[in-house]
Amino acid sequence: MFCLERVNLKGAEDKYPAEISGGMQKRVAIARAIALNPKYLFCDEPNSGLDPKTSILIDELLRDITHEYGITTVINTHDMNSVLGIGENIIFINKGHREWVGDMSQIYTTSNEALNNFVFATHLFQKVREYVAANEKPRPQ
């Protein structure tokens, strides 16, 4: 019950999967995954099939649970909103090889062509990158 409460599903414990939304099903999966207090949590496309607002809720839940319980969470995703929203240590894999490693701030300034073509493929993300680059404060050496 604690795990269901932690993922904001109090009162849904008697429902069948067909009776709950996709976002609720994802939260049930997270509750089941944290029930045994694991050291590691592996998530494969946790936002697949969700609307943007629910995707943000799932991202925030994963980030919060990771920090609250000291879990190392590995998320496999192609969802750049998630990567740029909650990614702390990011690994870009291209054609089966580790192409780039960095953090959320470094992703905006990388010269890695394959990563840039993937992350900043849309006009919106190109504008975000330009904005971040124009407003970036120098880092202390």
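Where is the place of I75? Good morning, everyone; let's start with that residue and work outward. This is a predicted model, so please keep that in mind as we go.

The place of I75 is in strand 2. Its relative accessibility is 30%, so I75 counts as partly exposed, given that the partly exposed class runs between 20% and 50%. Leaving out residues up to four places away in sequence, I75 touches C43, P46, L62 and I86. There is also a pairing across the sequence to look at: I75 and L41 are 34 residues apart along the chain, yet their C-alpha atoms are 8.3 Å apart in space.

Now for the pocket. The largest pocket holds about 810 Å³ of space. I75 turns up again here: of the 27 residues in the lining, V74, I75, N89, I90 and I91 are the closest to the centre. Which elements each supply at least two residues of that lining? They are helix 3 (52-69), strand 2 (72-76), helix 4 (80-86), strand 3 (89-94) and helix 5 (113-119). As for chemistry, the lining has 15 nonpolar residues, 10 polar ones and two charged ones.

Let's turn to the packing. The largest nonpolar core has 16 residues, and the members that touch the most others are V7, I30, L62 and I65. Helix 1 (2-6), helix 2 (22-34), strand 1 (40-44) and helix 3 each bring at least two residues to this core. Helix 3 gives the most, with four residues. If you click on I30, you will find that I30 touches V7, I58, L61, L62 and I65, again not counting residues up to four places away in sequence. Apart from this core lies another one, of 12 residues, among them V83, F92, L115 and F125.

I58 deserves a stop of its own. Is I58 buried or exposed? I58 has a relative accessible area of 2%, and the cut-off for buried is under 20%, so I58 is buried. You will find I58 in helix 3. Beyond its neighbours within four places in sequence, I58 is in contact with G23, K26, R27, I30, P46, N47 and L50. P46 on that list is 12 residues from I58 along the chain, and the two C-alpha atoms are separated by 7.5 Å. P46 is also one of the residues that I75 touches.

Next, the hairpin. Strand 3 and strand 4 (residues 97-103) run antiparallel, joined by six bridges. Within that pairing, I91 stands opposite V101 of strand 4, and I91 is one of the residues closest to the centre of the largest pocket. Two residues sit between the strands of this hairpin, and K95 takes a positive phi near 55° there.

A word on backbone angles before I finish. Most residues other than glycine have a negative phi. K95, in the loop between strand 3 and strand 4, is a residue other than glycine with a positive value. K95 counts as exposed because its relative accessibility is 76%, and the exposed class begins over 50%. E45 is another one to look at: E45 is not a glycine either, and its phi is positive, at about 50°. You will find E45 in the loop between strand 1 and helix 3.

That's the tour from me. Thanks for listening, and over to you for discussion.

Methods. Residues numbered from 1 in each chain as written. Predicted model: local features only at pLDDT ≥ 70, side-chain atom pairs only at ≥ 80, totals over all residues. Heavy atoms only, no water. 1 Å grid on protein atoms, 1.4 Å probe; cavity = no way out; pocket = protein on both sides within 12 Å on 5 of 7 lines; lining within 4 Å. Points joined across faces, edges and corners; volume = space filled by probe spheres on them. Nonpolar A, V, L, I, M, F, W, Y, C, P; charged D, E, K, R; others polar. Core = buried A, V, L, I, M, F, W, Y, C linked by side-chain atoms within 4.5 Å. Buried < 20%, exposed > 50% of the residue type's maximum accessible area, 1.4 Å probe, protein only. Contact = heavy atoms within 4.5 Å. Pairing = 2+ DSSP bridges.
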